[in-house]
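Please open the structure in your viewer and keep the selection tool at hand. The stops below tell you what to pick and what you will find there.

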Amino acid sequence: MKRKRVFIKLLMVLIPWLLAGLSAVAQNKMYSGTVTEKNGTSIPGVAVVVKGQNIGTVTDVDGKFSLSVPAGAKTLVFSFVGLTSQEITLGTNTTLSVAMEANVVGVEEVVVVGFGTQKKVNLTGAVASVKIDDKITSRSLTNVSSGLSGLVPGLSVSQNSGMAGKNAVSLLIRGMGTVNNANPLVVVDGMPDVDINRVNMNDVESISILKDATSAAVYGSRAANGVILITTKSGKGMQKTSINVTSSYAVEVPTKSYEFMADYPRAITLEQRLAAVNSLRANSTFKDGTVDQWMALGMIDPLRYPNTDWWNVLTRNGSVQNHNISASGGNEKSNFFISVGIMDEKGLQINNDYQRYNARFNYDYKLRPNMNVGVKFDGNWSKYTYALADGFTDDDPTNTAGFDLQYAIAGMLPYDPATGYYGGVMAYNEDPQAYNPYTQYVNNLNYQNRQEANTSMYWDWTPIKGLTGRVDYALSYFNQFRYTAAIPNRSYNFQTNAFGSRTYVGDNAGVSNFTNTGYKTQLNGRLTYNKTFSQNHNLTALFVYSEEFWYDRFQNGGRNDRYSPTLHELDAALAGVTQTSGGNSTSEGLQSYIGRVNYSAYDKYLFEANFRYDGSSKFLPGSQFGFFPSVALGWRFTEENFVKTATNKWLSSGKLRASYGSLGNNSGVSRSEQLETLTAGHYMIDGAIAKGLVNNKMVNPNLSWEETKVLNIGLDLGFLKGRLTTELDYYDRLTSGMNRPSDMSILLTGAYNAPRKNIGNLRNRGIEGNLTWRDEVGQFTYGLNLNASYNSTILESWNEYLGKGATTSNKFVFINMPFNYVYSFEDIGIAQTWQDVYNATPQGASPGDVLRKDLNGDGKIDDNDKKAYPNIQRDRPTTNFAMSGNVAWKGFDLSILFQGATGRKDFWINNYNNVNFGVQRYASTWDHWDQPWNLENRVGAWPRLNGSNNRVETSFWLDDLSYLRLKNIQLGYNLPKKWLRIVGLESLRIYGSAENLATFTKFRGLDPEKTGNASDAYPLNKSFSLGINLGF
Amino acid sequence: MKKLNSNRLVFSALAVLTLIISSCTKDLLDRTPTGEMSATEFWKTEGDATVALMGAYSAVRPLFDRDYYFDGQGEYVRARGTSTTKDNLRLGDAYNGGNYNPSGYGSSFDKMYRYLYGGVSRTNYVIENVKKMLPDAKTPASVANLEAIIGEARLLRGMVYFRLISMWGDVPYFSKVIYDNAEVADLARIPIAQVKDSIMADFTYAFDKLPVKALQNGRASKPAALAFRGKLQLFWACWNKNGWPELDTFTPNAAEGDAAYVAAAADFKAVIQNYGLTLFRNGDPGSWGTMGNAETLPNYFYLFMPIANGDPEMIMAFTHGGTGTSQGEELMRDFSGRTHEGSQCWVFPYYEIADRYQSTVTGDFATKMVPTLPTATGARTKANSTLNPESYANRDYRMKSSIMWDYEMSIGLTSLKSTGFTPFIYKTWNQAVTINGVNYTSYNTDASVYGYVFRKFLRNYAGLGRSEGDYSYPVMRLADVYLMYAEATNAITGPQADAIDLLNKIRRRGNLPALKPEKTADKTTFFAAIEQERIVELLGEGQRSFDLRRWRAIERVWNPPYGAGVWRIDTHGANRDRYFQNSSELAYQQCYIFRIPPGERDRNPNLTQNKPWL
């Protein structure tokens, strides 16, 4: 209630000011001039700013500018990316001619950090920043996270599905920091917890990745896994209003997909061959007659004897369209940025569509010379249509309907337009539960739409020089609604002209609605004090008080028996006993005190100290607060005269950085987990539900924050006048007190959920390197970037019992091993002869089976023969690397991005390469026909069908998931301004771009970047796009 | 002057910040649960005791209400799998992962062990907290109510420990609410005799405090406590008389066994005589109907339909709810095929059960049937052919009620609607069939590989999904008490008139004549008659494998170690499965006693293992 009142008060104060508009003008003087390069070419787009104030403009196409400068101003600053900034002292001459020099280091480059910005040269932490430019926005990307792939060392981006709307991208900074949620914190314009994948790439100005303790410390409580700071555009420093239109269209095809065999007689033959291993031919489920009949009649009667190419039926060429229009501008008093965009994605799978609409409005206004206000509004809306959670499949264990492509047999007709019937099983003895995915993807869809609004406003005031107070208030709101209203249909047997027994959707098909809504508020009060004393000493102090509050609710309802298949609201179905409903809500509060001190002396010695003190409602009183301090030191040694004289020739800049500190994490704990509550456990009495409650909680009151201590040592060097820059970082992150459900006796686990305890320590150590070369030769400019990172994850302690082969959440855990390490039998290949079988330790094998090694030599094969791999992880690579290059000549630009990873191995065992498939209803692939070992195919790459122990996790199936991928290649052309001016345009770029063009890997499965489950079949996409960017 | 002004501004800025800080924090870090009952608000009223008791029922019910899977460990029912949902206790997680074959199952019940102890915790929670309420109870009615609630919880706890000892022998025992893992982390196993005494105490307390008739269907009553006490003593008697060599800490004592038989018989007798309990529909057989028709079915069929919910024969049953209650049973899903709401037919009869059904004419076993291939001449008409419906005529009415053979009908069900009758024809799944000029679509399942499916537990009316059954699953039936009484008395003194009479009452339900004198001539023949009735009467109710173990009859049924084992065949004569072929003694021993969960032994060094599992 109080919270609300404060918000309303703020609104009442702010609104009149916002409406006041752009009227007030002070006593000003006009300056104008031209900005050129050394060779005299005029430079458009140079920022001209009055030093120390938010007043400025940019040069026009001819490099000309004019700016109204307030009376007291003394200096103008000219800056442009890639050029050395210049400061011109203002005199009486109001016409200026400025020549700028190229400098690739970007000394004045400013980087967004938590609660402010910092000069890049003064950074002491490990911060990587990405400027979002044409090269990135021109790629046919459906979300921001995939755009970060390969750009920043230490940030690993893996795409897990190509499904439209799924955005299954996992982001990880410097390895997996905890076995709980290890995702980085995403902060958009100061608001944490915004969904990065709903941000419009075209609105983003820059992205900062905060990797170490000191840079992330101001977000300390939840920054243990790093922070991604996204800053959206504003019209700051512009005078001329500019309008930009971008538009692109991409076609998507799979990078790789399974080759299902559209040949039913062969599939049945495989079934027979499989069955022949263990049963008499007479007992085989499928008869020879069925094969012969289908072979013969399949050629003339595709209705009754179909050989369906399901992949063909179920997929299409995908497409991605991106259209965006934005306008920005500003003057001394105010600036704005406004943008609307639409992203329309049609997935590879039929009826898998996703549309996202974005609108943004950013506005700042100077109320007084020492007082600013601003608002930001971001609204987005998405529409998402899909059949199953993973697209083609559904990994839900409670879904026993067999919605899995492995059950999509070729001998089934998807749909007969003449009768309107969907095909079912027809062959003699085929399993009636075999599955027609077409009907699932047409008649049984989920429709989900979601709206989000992220709004924020601030008011700052500098009552005395150097001291700024600022209040921020932000409100995010979301509403998500999903419904299902399946269309009744049954399987049809076209041979017998009768319905089969499988009812895909019953005649009493109902409707289900699911609503999730929630909001988050954040109130920050901030004081900043900045003072330069004795000329060379600069001190900045920051104090922030912050409150965050989350509230989410969920509600669902369902009814059976819709009046008509075309309806999908609850009222359109019968009320009565077949109704279902549910709902709940959760809330969370976080209270934080944040402080930071920056001190620099002579621009050489840098010092920073931070702390954050957080209280979370997820923990019980006494354990709610965590304190996370950090310190950092920096030394720009090239500023020392004794260094300068020695290295001046080749070393243009050098900085040594070191930081140490701690960060917190509470994401493993759910909101109500620590509350002492009873759970429903009802019973039936007299035909009605009798209320029952059980106690299944054993709360550990001492549970508190996970803490991650990070040591970071970095070295930044610039060579050859900044043409070559390198950044090297070493880090050591120790996460201690990971909170996990504690080990509990099974005398209790049948009744109680094991209470969480702060259990284990996990250490991540790694190095990162970033190497950039930029230069120009005449009109030819080019750049090259190489970045790589290596990370090793080791579980250092676990103060609970860990047995051999112990797992937690199905991941292998053991001390001094990576989390989910590889634990595997060693194989000695496929037995070719009985002699091979007898030479090996007895293990029930026959020729054609994979033989396992008796590692401990005890004469039997059991779990004791498994080997653990200490440096390999199953879920993610240890090493990520990327290489990007770009060249520009006149109006042409070409860029290329390679990205790769190594250090990950996993078993290639899934539902689609199963050599021991069921005796019925299996959708064989061509590999099943070609690869299994048999007497005629002794070189077969797979073991024999239906052998023994061939699906066991052995090194036979252990694949190296290293890969190198041509992630993006892009060619653009900027039309000459001279031509454009004729039609009134400012700029026009046309381009073509291709994603995931080629992948080099030894992995035999779908894609080495993915971490899919055994049934996953949705490939990653390869796309080709064309686009246009227009400015006027 | 200027400086002063600035200071004032700074001061006011700070003041604003402080104001915000102090005004918003109040309950920011103190969130209250919105969807769940706060524990501190509970245990305030007498009604809370009932609510807690219902919670205990909801936790104990799923430890018993899928016992039919256990019949897969006997020789007449195949359980090829289960419909259980992993990690969902209500949907059978206790049974999940269990091996329900005749052999090799002893190591697969870690989950059952875990959830049984879950039941112990749930009941302890009620017992301990309600006890605390007793001193404050105002009226005698209040005291009686609270004591009855404790009695119900103690009965449930007794049932749970009874199951634990009958599977694992010596087990850890605790009877209070546990607040920390450390309290149980190093518990050792308690000798079975001692655990048995504690269970006896629970049952006796329950017997003393429970009402004569359950307050509501699904809750416990005096006769239930008595019947379970009798059953416990019967098992105790068996272990002492027949021995339990796999439990090497246990020394059988024949005298104690005899005493237990006597005590058991006394309890059973009390159940039979003192409470006016009768068999369902007075034990009348009802009508057989006609061959290949299911319009009319014998009474025994209806005993396993919700119509029998709350019938006096159901001494103790666990209730279930239909659509929308999230408390349905999945009997149909387990016992029938795709034709019935997409059911999965996890459980079906072995062919060999058919010959167990006796002739209503002779009252004895009929001529053995001849498995016949449908392609054989006269397969459907030859005398005694398994495919000739007439071979099934004039048999025990419980046959028609329990299983279906070729051309037997049941009601097909789809989307909660009837699709009309569907004939079962082995290996002719989901085909168009014309019978007497009427078109049908045949029963669909490819799960049954012996030629029969169950009719028992299969609903013949529409309206409920395959997971929405509302049948009250019996864990103690009067018929079982009759048979246990007969067994107990026979063990001490041989066939008794009242026991024979009770058997005949049960046989009457199958429309069988009374037992011939030669069947009751001595202990051995009468025991065989009792076993025969247990097989037929309790088919698919999870009793058989417990019977085989306590009688030490596994070798008798499946042949001795290192022998040929036994084949199970189908109605077409094909060999389908062979069990215990060339099995070692150890394989048998591992059936007689279950494995203490090894993961728990890793944690707790005091926890010993049963001998066959070392």
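A residue is called buried when its relative accessible area is under 20%, exposed when it is over 50%, and partly exposed in between, using a 1.4 Å probe and protein chains only. Strands (E, at least two residues) are DSSP runs, numbered from the N terminus. This is a predicted model, in which local features need pLDDT of at least 70 and side-chain atom pairs count only at pLDDT 80 or more, while totals for chains, interfaces and linings use all residues. Residues are numbered from 1 along each chain as its sequence is written, and side-chain values use heavy atoms, leaving out hydrogens and water.

Begin by selecting residues 467-484 of chain A, which form strand 24; because 13 of its 18 residues are buried, this strand is largely enclosed by the rest of the structure. Next add strand 23 (residues 446-464) of chain A, which pairs with strand 24 of chain A in the antiparallel sense over 17 bridges (strands pair if DSSP finds at least two bridges between them). Here R450(A) has Q480(A) as its bridge partner, and in the turn of the hairpin that the two strands form, G466(A) has a positive phi of about 90 degrees. Now show strand 27 (residues 511-533) of chain A, which pairs with strand 24 of chain A, again antiparallel, over 18 bridges, and where R526(A) stands opposite R470(A).

Finally, move to N610(A), which lies in strand 30 (residues 605-616) of chain A and counts as buried, at 4% relative accessibility. Although G595(A) is 15 residues away along the chain, its C-alpha atom is separated from that of N610(A) by 5.6 Å.

Technical notes. Chains lettered and ligands numbered in written order. Helix = DSSP H or I, 4+ residues; strand = E, 2+ residues; numbered from the N terminus.
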